[in-house]
Amino acid sequence: MLISFACENCGRRYRVESDQVGKAALCKECGTLLKVPVPGPLVQESPSGAPIYRHQARQHDFEPVTGDEDTIEEVGNHIERTLGPVENVWHEIVSDLVHIDVHPVEPSKERPCWTLVTSGMSERPMRVPEGAEDFEYAELAICLPPDWPLDMESFKDERIYWPVRLLKGLARMPHEYDTWLGPAHSIHNGESEAMTPYAANTKFCCSVLIPPLVMLPEEFGSLETSLGKRVHFHVVWPLYREELEYKLEHGFDALLDKLEAGRVTEVVDVTRSNTCRKKKWWQLW
């Protein structure tokens, strides 16, 4: 695959093979030191007119990191200020590119669900397109029922652990593939034709990112850090395949209408109805 890029100083364009990614050379026009960039995602258009980003194969080698204490502290303080106390943080043992910790907030009378929030995704900026610079930094959250087991022994069962794996995987994904995640973005699990369910106890096989909407307060949605970063907090809503297909065909707002009509909230419910499942002919009468 050929990669096309330009010298930032004089604008001269170059095309090189993808195996040259990361290598440096002097611009033949102005002598500026150039580094062959990692190619960005391919952008296609859905039937609704929304962009579909298809990322390239990962170009980064494994890069161990230990995490930025300032980021962890500021995000942690924001979580406690807007959602409630965090009794313990699930620290990542081995980290690649970014150090992803998870902050669990216990259920309360005002918010009867577990809320799991990442820190570390915002250590690095994402590769956003022109015009979306405000969304360079993000963290993710997912809400689970109050009786969802969240102990290490239960996590040995993938039927219990999959929301945590999903949260951490999505938080690292933009940095692995030089892409970005923002509001209304949807992500499928596995190949697009198969869309593998997350676990044996659910048919959820994809997700959409939505700002705090029903269970979470609006002020949780963003954080201005001491270093001037604006971090957006997106909530992961697991979806059925038909719901993702409906979004691609009709748009994000139309999917929200479907979810609202089905009384779907942020809280993961593996038994909920599929709001976009097509009825069989005998169900139409």
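Partly exposed residues are those whose relative accessible area falls between the buried class, under 20%, and the exposed class, over 50%. By that scheme R241, at 27% relative accessibility, counts as partly exposed. The model described here is predicted, and the paragraphs below take its salt bridges, aromatic pairs, nonpolar cores and cysteines in turn.

A search of the whole structure finds eleven salt bridges. R241 takes part in one of them, its side chain meeting that of E245 at 2.8 Å, N to O. The two residues are four apart in helix α3, which spans residues 241–250, so about one helical turn separates them. E245, like R241, falls in the partly exposed class, with 36% relative accessibility for E245 and 27% for R241.

Helix α3 also supplies an acidic partner to a salt bridge of longer reach. The side chains of E243 and R272 meet at 2.8 Å, N to O. This pair links distant parts of the chain, with E243 in helix α3 and R272 in the segment after α4 (252–261), 29 residues apart. Both ends are buried: E243 has a relative accessible area of 0%, and R272 has one of 12%.

A further salt bridge joins the side chains of D157 and R159, again at 2.8 Å, N to O. Here both partners are partly exposed, D157 with a relative accessible area of 26% and R159 with 43%. Elsewhere, salt bridges connect E92, K168 and R172 in a network.

Turning to the aromatic residues, the structure holds seven aromatic pairs. In one, the ring centres of W90 and F155 are 5.4 Å apart and the ring planes stand at 85°, so the pair is edge-to-face. W90 belongs to the loop between α1 (69–82) and β7 (101–105), while F155 belongs to the loop between β9 (137–144) and α2 (158–177), so the contact ties together parts that are 65 residues apart in sequence. Both rings come from buried residues, since the relative accessible area is 16% for W90 and the relative accessibility of F155 is 12%. Ring pairs also link W148, W162, Y198, F204 and Y240 into a cluster.

W162 appears once more in the nonpolar interior. The largest nonpolar core has 36 residues, and W162 is among those with the most contacts inside it, together with L116, M121, L140, L150, L170 and V236. Strands β8 (114–119) and β9 and helix α2 are the elements that give two or more residues to this core. Helix α2 provides the largest share, nine residues. Apart from this core lies another, of 29 residues, whose members include L223, F233, L239 and F252. As a general point, nonpolar side chains in soluble globular proteins tend to be buried together.

Within the 36-residue core, M121 offers a convenient point of entry. Leaving aside residues up to four places away in sequence, M121 touches I100, M126, A138, E139, L140, L170, A171, P174, H175 and L181. Two of these, L140 and L170, are themselves listed with M121 among the residues with the most contacts inside the core.

Strand β8 also holds T115. At 1% relative accessibility, T115 counts as buried. The C-alpha atoms of T115 and V105 are separated by 5.1 Å, although the two residues are ten apart along the chain. V105 is also one of the contacts of T115, along with L83, H103, P104, I142, C143 and L216, when residues up to four places away in sequence are not counted.

The cysteines invite a closing question: how many disulfides does the model contain? A disulfide requires two cysteine sulfur atoms within 2.5 Å, and by this rule the count comes to zero. Two cysteines show why. The sulfur of C7 has its closest cysteine sulfur in C30, 3.7 Å away, which is too far for a bond. For C27, the closest cysteine sulfur is that of C10, at 3.6 Å, and this too is too far for a bond. C7 is buried, with a relative accessible area of 3%, and C27 is buried as well, with a relative accessible area of 4%.

Technical notes
Residues are numbered from 1 along each chain as its sequence is written. This is a predicted model: local features need pLDDT of at least 70, side-chain atom pairs count only at pLDDT 80 or more; totals for chains, interfaces and linings use all residues. Side-chain values use heavy atoms; hydrogens and water are left out. Buried means under 20% relative accessible area, exposed over 50%, partly exposed in between (1.4 Å probe, protein chains only). Rings of Phe, Tyr and Trp (its six-membered ring) pair if their centres lie within 6.5 Å; planes under 30 degrees apart count as stacked, over 60 as edge-to-face and the rest as tilted. A nonpolar core is a set of buried Ala, Val, Leu, Ile, Met, Phe, Trp, Tyr and Cys residues joined through side-chain atoms within 4.5 Å. Contact means heavy atoms within 4.5 Å. A salt bridge is a side-chain nitrogen of Lys or Arg within 4 Å of a carboxyl oxygen of Asp or Glu.
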